[in-house]
Amino acid sequence: MEDFNGLEHIVRDQEPLAPYSWLRTGGIARYFAEPTTENELVSLVSLCKSRDLSVKLLGGGSNILVASEVVDAMVVHLSAAAFTEISVEGNRVTASGGAKLVQLLSTAAREGLSGLESLAGIPGTVAGALKTNAGTHNDDIGQWTRAVKVLTRDGDVLVRDGDQLRFAYRESSLNELVILEGVFELKTIDSIEVTKRTQTQWILKKAQQPRGASGTICMFRDHGGVTAESLIESSGLKGATIGAASLCDACSNYLELKEGGSVDSAVSLLNHVQAEVEAQTGVALVRQVEVW
Ligand SMILES: Cc1cc2nc3c(=O)[nH]c(=O)nc-3n(C[C@H](O)[C@H](O)[C@H](O)COP(=O)(O)OP(=O)(O)OC[C@H]3O[C@@H](n4cnc5c(N)ncnc54)[C@H](O)[C@@H]3O)c2cc1C
């Protein structure tokens, strides 16, 4: 492997990305790194910049489809303890980007801090949720976010807050390379009440998701108040199948891939649905899932 200036212990080459992706399929990363400290991460980003090597961040992989045979980049996974911490001070929770969203929700419930309950059942990490402004129709993570610590492509660590933070439907203004941590200001209520609300939301969410949701991905954003699911179904695509990939019965906006199925069938089905919905309804659906 290439020389990584003392960072060899955190970098691997030709790493299969299937185990890190929600569909458990896809290509390999040319380089893959799991830094153990913020300093290592900053050094890695600077090194990649000096070598003109692009850097991609991978969270829980629940919104990424790895279509390329080789992702020609340094794929960074923030799995080490330094990137998964959660702390509470009064009604403010600070969560590192690599922490699982479910851990943030359970900390908030334990501390009697209300606001994030509607995110129950959404897979992935805190950083992935901030980047995509994860949420439901009525609520999203952005409305509870007061500050976000980021690392820029130039290697500077900055805090974005106030006017520098903007969230919209499944979008955020967080375009810096790495989301390091988020600060959430919540409402103090009874812990049992927050736990009950979180559990209720989780049950509702699971009932809407296809069963065995670990082999599925959510394909498109809703369009101007109309759900992607209804546009797909009104285009006659309910149950559409290409190879090992098919649309889920429980919700046509979820794509399901049979175990061992190839990523190509998933990409073909995604493209087919997008083209067919546009042909039938005139609506160009925007992908929620990111294709690498
Ligand atoms: C079964 C299922 C149900 C879902 N339900 C919902 C739902 O109800 N609502 C909803 O909003 N979404 C939903 N999603 C989509 C997905 O779960 C969310 O978008 C989630 O927040 C993505 O988090 P992740 O950690 O998996 O991110 P990933 O998929 O790994 O990455 C998503 C994006 O974030 C970037 N990213 C990840 N980590 C970092 C970081 N540290 N710094 C900078 N950028 C980073 C990635 O580069 C990528 O651009 C669902 C997905 C599935 C599979």
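**Strand β1, the nonpolar cores and the ligand site of a predicted model**

Pro16 is part of strand β1, which spans residues 11–16. The structure described here is a predicted model. With a relative accessible area of 43%, Pro16 is partly exposed. Twelve residues separate Pro16 from Ile28 in sequence, yet their C-alpha atoms are 4.1 Å apart in space. When residues up to four places away in sequence are not counted, Pro16 touches Gly27 and Ile28. Strand β1 also holds Gln14, a residue that is not a glycine but has a positive phi of about 55°. Gln14 is partly exposed, at a relative accessible area of 44%. A positive phi, of about 50°, is likewise found at Asn5, which is not a glycine either. Asn5 belongs to the segment before β1 and is exposed, its relative accessible area being 51%.

The interior of the model is considered next. In soluble globular proteins, nonpolar side chains tend to be buried together. The largest nonpolar core comprises 26 residues, and those with the most contacts inside it are Leu101, Leu104, Leu116, Leu130, Ile141, Phe184 and Leu186. At least two residues of this core come from each of β7, α2 (101–110), α3, β9 (145–151) and β13. A second, separate core has 25 residues, including Ala240, Ala244, Val273 and Val283.

Helix α2 has as its buried residues Leu101, Leu104, Leu105, Thr107, Ala108 and Ala109. The packing partners of these buried residues are β6 (86–89), β7, β8 (113–114), α3, β13 and α4 (191–208). After α2 comes Gly112, with a positive phi near 70°.

Leu130, one of the core residues with the most contacts, is in contact with Ile141, Thr145, Val148, Phe167, Ser172, Leu174, Ile179, Gly182 and Phe184, leaving aside neighbours within four places in sequence. Of these partners, Thr145 is located in strand β9. Thr145 counts as buried because its relative accessibility is 5%, under the 20% limit. Its side chain reaches the backbone oxygen of Ile141 at 2.8 Å. Not counting residues up to four places away in sequence, Thr145 touches Leu130, Leu165, Phe167, Val183 and Phe184.

Strand β7 (residues 92–96) contains Thr94. With neighbours within four places in sequence left aside, the contacts of Thr94 are Glu85, Ile86, Ser87, Glu181, Gly182 and Val183. The C-alpha atoms of Thr94 and Val148 are separated by 9.2 Å, although the two residues are 54 residues apart along the chain.

Arg221 is situated in the loop between β15 (216–218) and α5 (228–234). Its relative accessibility is 19%, so Arg221 counts as buried, the limit being under 20%. The side chains of Arg221 and Glu171 form a polar contact at 2.9 Å. Apart from residues up to four places away in sequence, Arg221 touches Tyr169, Arg170, Glu171, Ala228, Leu285, Val286, Arg287 and Gln288.

Arg170, one of the residues touched by Arg221, also takes part in the surroundings of the ligand: a polar side-chain atom of Arg170 lies 3.1 Å from a ligand oxygen atom. A further oxygen distance, 2.8 Å, involves a backbone N or O atom of Gly61. In the case of Glu290, an N or O atom of the side chain is 2.5 Å from an oxygen atom of the ligand. On its own, the ligand has 980 Å² of accessible area, and the protein covers 96% of it.

The ligand is surrounded by 32 residues, of which Leu57, Ser62, Thr125, Lys205 and Glu290 come nearest. By class, this shell consists of 15 nonpolar, 13 polar and four charged residues. Elements that each supply at least two residues of the shell are β3 (55–58), α3 (126–132) and β13 (178–185). The largest share, five residues, is provided by α3. Helix α3 and strand β13 thus appear both around the ligand and among the elements that contribute to the largest nonpolar core.

Key. Residues are numbered from 1 along each chain as its sequence is written. This is a predicted model: local features need pLDDT of at least 70, side-chain atom pairs count only at pLDDT 80 or more; totals for chains, interfaces and linings use all residues. Side-chain values use heavy atoms; hydrogens and water are left out. A residue is near a molecule or strand if one of its heavy atoms lies within 4 Å of it. A polar contact is a pair of N or O atoms within 3.5 Å; within protein, one must be able to donate a hydrogen and the other to accept it, and residues adjacent in sequence count only if both atoms are side-chain atoms. Accessible areas come from the Shrake-Rupley method with a 1.4 Å probe; for residues, only the protein chains shown count as cover. Helices (H or I, at least four residues) and strands (E, at least two) are DSSP runs, numbered from the N terminus. Ala, Val, Leu, Ile, Met, Phe, Trp, Tyr, Cys and Pro count as nonpolar, Asp, Glu, Lys and Arg as charged, and the others, Gly among them, as polar. Contact means heavy atoms within 4.5 Å. A nonpolar core is a set of buried Ala, Val, Leu, Ile, Met, Phe, Trp, Tyr and Cys residues joined through side-chain atoms within 4.5 Å. Buried means under 20% relative accessible area, exposed over 50%, partly exposed in between (1.4 Å probe, protein chains only).
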